[in-house]
Amino acid sequence: MSGAVSFVLGLLGLGAAAGVSAVQDAGINKKKDQVAGIHCWEGDTETLQMRRRVRDEWMSLHGGGPNCLGKWPSEYPTGRYMHSKYRYWFKAHLDAKGIPYDDEILDEVSHVNGDRNSIALMYSAGKKRHSWF
């Protein structure tokens, strides 16, 4: 019976391949939306200009030297992520200069997003490994 149903659906073009393709397309679109959010590519024009200014400030400052307060990144506390001290260091610099920012762009330029993704990848790999036993 299932062979007959599959044959009829195949004739109509509604086979399993179409269903799998639709599910995969939905998954790809979801990943694209997540990547756009992580890398701060979305927003209104004012937000995008603010993020561009923060990126430019990061590129002009990031050379391993002191910020405008004369402090080095090593003088700031480390947090949960490996690059947290750079986030605090750069945040203090932006606050002192009066440059507006949001947390998303601050996490992106200081590489905290990369640390979060690495931790999520390790946890997901561990969950997959445990399910084999």
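This passage describes the helices, the surface and the salt bridges of a predicted model.

The chain holds 6 helices and 0 strands. From the N terminus on, its elements run α-α-α-α-α-α. The chain has 133 residues, of which 26% are buried. Its accessible surface comes to about 9,400 Å². Carbon and sulfur atoms account for 60% of that surface. Among contacts with a separation of 6 or more, 54% are between residues 24 or more positions apart.

The count of salt bridges comes to 8. One of them pairs the side chains of Arg 51 and Glu 104, at 2.5 Å from N to O. Arg 51 lies in helix α3 (residues 45-61) and Glu 104 in helix α5 (residues 103-109), so the pair ties together parts that are 53 residues apart in sequence. Arg 51 is buried, with a relative accessible area of 5%. Glu 104 is partly exposed, at 42% relative accessibility.

Two further salt bridges each lie within a single helix. In helix α3, Arg 52 and Asp 56 are 4 residues apart, about one turn of the helix. Their side chains meet at 3.8 Å, N to O. Both residues count as partly exposed: Arg 52 at 47% relative accessibility and Asp 56 at 42%.

Helix α4 (residues 84-97) carries Lys 91 and Asp 95, also 4 residues apart, about one turn of the helix. Their salt bridge spans 3.5 Å, N to O. Lys 91 is partly exposed at 28% relative accessibility, and Asp 95 is partly exposed at 44%. Elsewhere, salt bridges that share partners join Arg 51, Asp 102 and Glu 104 into one network.

Terms used
Residues numbered from 1 in each chain as written. Predicted model: local features only at pLDDT ≥ 70, side-chain atom pairs only at ≥ 80, totals over all residues. Heavy atoms only, no water. Helix = DSSP H or I, 4+ residues; strand = E, 2+ residues; numbered from the N terminus. Buried < 20%, exposed > 50% of the residue type's maximum accessible area, 1.4 Å probe, protein only. Contact = heavy atoms within 4.5 Å. Areas by Shrake-Rupley, 256 points an atom, 1.4 Å probe, with all protein chains shown as cover. Salt bridge = Lys/Arg side-chain N within 4 Å of Asp/Glu carboxyl O.
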